[in-house]
Structures are given as C-alpha cells and as structure tokens.
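Let's take a walk through this protein together, one feature at a time. Please have the sequence and the model side by side as you read.

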Amino acid sequence: MFGILLLASGSFFSEIGVSLGKEEVARRKESIYTYGFLSLCLSTFAFLIIALLRGSFLFSLDSLPTLIPRIGLEILQAYVSIKAITTADRSTFGFLRVLTVPLLLLTDLALGYSLAVNQIIGVGILTLSLLLLFLNHGLRSKGVGLVLFSAINAVILISLFKYDITHFNSVEVEQGIVQLILLGFFALMAWRLNGQNPLRLLGKPLFFVQSLSQATAGVLISFGYIFVPASVAASIERSTAVFFSLVSGNRYFHEKKLAQKLLAFLFLVIGFAFLAGLDVFP
C-alpha cells in the first residue's frame, strides 16, 4: 500500500511540473534543454542529500555493465520525452505511455518468466482501450512517434534500474549518478545552443515550483519501485499519470473528447487491475 501511495503521489506532482514546463516552452520562456535541467535539478540534489543523510554510499563496480548503457539511454530518453511532452497533447502522451506496461510483461516472458491468464487478459484490455481511442480519433497524431519511442525505451530503462537497485546500488546513489550526468548534459546544451543559464530561472517562483514538483515526483516514484514489482509499479504509475494528464489536458490545455477518453481510461484501470493481480482465474 505504501508503494502505491508513493507512485500515485509521484504521478500527481509530475503532472504539475510537466504541465508548467509544457506551457513555458510553448511561450518560449524556456528551451527544451532548460526544461530538462529544471526537471532534474532539485531531484538530483535530493538524491545526493538522502545519500549523505543515510551515511552510506551503496555502489558496486559490478553495476557498470548495466549502469553505463542506462546512462546513454537515459540521455536519449530525456531528450525525446521532453520533445514529446512539448509536442503531443497531454492525454495522448499519458495514454500511449501505458504501452510500457505490456511491453515490460513481454520482456519478463522473453526472460523466461511465465504469464498468468489474468496478465494476458490485462494486456488485451489495455490494447483494446488504446485501439478504441485511435479508431474513434480520440488521440491526435501530433508527436505520437516521439511518445511511442519514449514508451518502448522506458521498458529497457525500467528493467536496468530495477536490476541495479535489486542487486547492486541503493536507489539514491543509482539515481543521483544518472541524474547528475543528465543535469550536466542539459546545462551544457542550454548554454551552448540557447545561451541560457537555467540556474537563474530557479529564482523565479513559477520555475521553482516546476522544478520542485518534478523533484518530488522523481524521488517518490524512484523509491516506490522498491516496494512492488517493476511491472506492477509501472502499472500504478502509468494509470495514475493517465488520469492526471486527462484532467490537466482538459482543464488547463482545453483538449477535447473528454468523455471518450474517460471511457478508455476506465478500460485502462480494469486492465491494470488484472495486471496487478486481480484474482479472477486463480
């Protein structure tokens, strides 16, 4: 229950930060690189502070074969995700990212794990909900390719992250290392390509709230993965993220066809319930 609370709360704070960032990029108040920096800045320091407060630095050199490729893919993922966020509708982004969950299950299957009947049903329901939206033009095509790449690449990243924190590193050390590198990447790109100093924006209330919201989300979601399996954690995170993206998309960005999207969301919730272990066919 505690893990579910962390993941759902993280999705809520993430939506606040994402919506603010999307709006400010559209208004040209910040570049996508500044957006990336602000999204990671405070959460990176939070992970480092947690490591210091714990008084231990749990890191294993044996994690490098998985950590190094994860860092490279995280840089690519961060850039593509920000482009997707600033290009696609909030509801489109939220719905299509649920594809990560069935793909995680298929990865488990490829690694030798067996799928229960309930999980197969859950995957089928998730697929049905997305088809319902596409066939009825409930999702706009703008930015779809970016979102799909983000959803597929997330499968690899979640698997690598879960493997590292299970066998090698603590959550705060693993995330602190990865985000510190990402932070340097976005700061350098913002300065070289756009001539912006992202740190100056942190002094402004709106940008500080954007960064703080993303920091809170990053910490809550990362620690949420400790308490539940990766596929279940992703199910909870993605389903709550869809709900909050629907609300902000309709109320903040004035997106249409809310009733149709809510119906598809209902199918998503049922599908996620099966994936999370709803015991219909024991």
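A good place to begin is Arg28, which sits in the loop between α1 and α2. Keep in mind as you look that this is a predicted model. The phi angle of Arg28 is near 60°, a positive value in a residue that is not glycine. That is worth a glance, because most residues other than glycine have a negative phi. Arg28 is also exposed, with a relative accessible area of 75%.

Just before it in the sequence, Arg27 makes a salt bridge with Glu24, with the closest N and O atoms 3.1 Å apart. The two partners sit in contrasting surroundings: Arg27 is partly exposed at 46% relative accessible area, while Glu24 counts as buried at 4%.

Now step back to the overall fold. The protein has twelve helices and zero strands, so reading from the N terminus you meet one α element after another. Of its 282 residues, 51% count as buried.

How do the helices α1 and α10 pack against each other? Helix α1 covers residues 2–26 and helix α10 covers residues 205–227, and their axes lie 7 Å apart at an angle of about 150°. An angle over 145 degrees counts as roughly antiparallel, and α1 and α10 are therefore roughly antiparallel to each other. Their crossing is left-handed. The residues of this contact divide into 16 nonpolar, twelve polar and one charged.

From that pair of helices we can move on to the interior. In soluble globular proteins, nonpolar side chains tend to be buried together. Here, the largest nonpolar core has 29 residues, and those with the most contacts inside it are Leu7, Phe95, Tyr225, Val242 and Leu268. Helices α1 and α10 appear again among the elements that give two or more residues to this core, together with α5 (100–110), α7 (144–167), α11 (230–251) and α12 (258–275). The largest share, six residues, comes from α11. A second, separate core has 28 residues, and Phe93, Ala190, Leu202 and Phe207 are among them.

Let's finish with charge. Side chains of opposite charge can pair when their charged atoms come close. The structure holds four salt bridges, and the pair of Arg27 and Glu24 is one that you have already met.

Helix α8 (residues 171–194) is a good one to highlight next, as Glu172 lies in it. The side chains of Glu172 and Arg54 meet in a salt bridge at 3.3 Å, N to O. Arg54 belongs to helix α2 (residues 32–54), so this pair links distant parts of the chain, 118 residues apart. Glu172 counts as buried, with 1% relative accessibility.

Which residue meets the side chain of Glu174 in a salt bridge? The partner is Arg70, at 2.9 Å from N to O. Glu174 lies in helix α8 and Arg70 in helix α3 (residues 64–87), so the pair ties together parts that are 104 residues apart in sequence. Both ends are hidden from the surface by the under 20% cut-off for buried residues: Glu174 counts as buried at 0% relative accessibility, and Arg70 counts as buried at 3%. Arg70 and Glu174 also join Glu74 in a network of salt bridges.

Terms used: Residues numbered from 1 in each chain as written. Predicted model: local features only at pLDDT ≥ 70, side-chain atom pairs only at ≥ 80, totals over all residues. Heavy atoms only, no water. Axes fitted to C-alpha atoms, helices over the stretch in contact; angles between N-to-C directions. Helix = DSSP H or I, 4+ residues; strand = E, 2+ residues; numbered from the N terminus. Parallel < 35°, antiparallel > 145°, perpendicular 65-115°, else oblique. Left-handed = near helix turned anticlockwise from the far one by under 90°. Nonpolar A, V, L, I, M, F, W, Y, C, P; charged D, E, K, R; others polar. Core = buried A, V, L, I, M, F, W, Y, C linked by side-chain atoms within 4.5 Å. Buried < 20%, exposed > 50% of the residue type's maximum accessible area, 1.4 Å probe, protein only.
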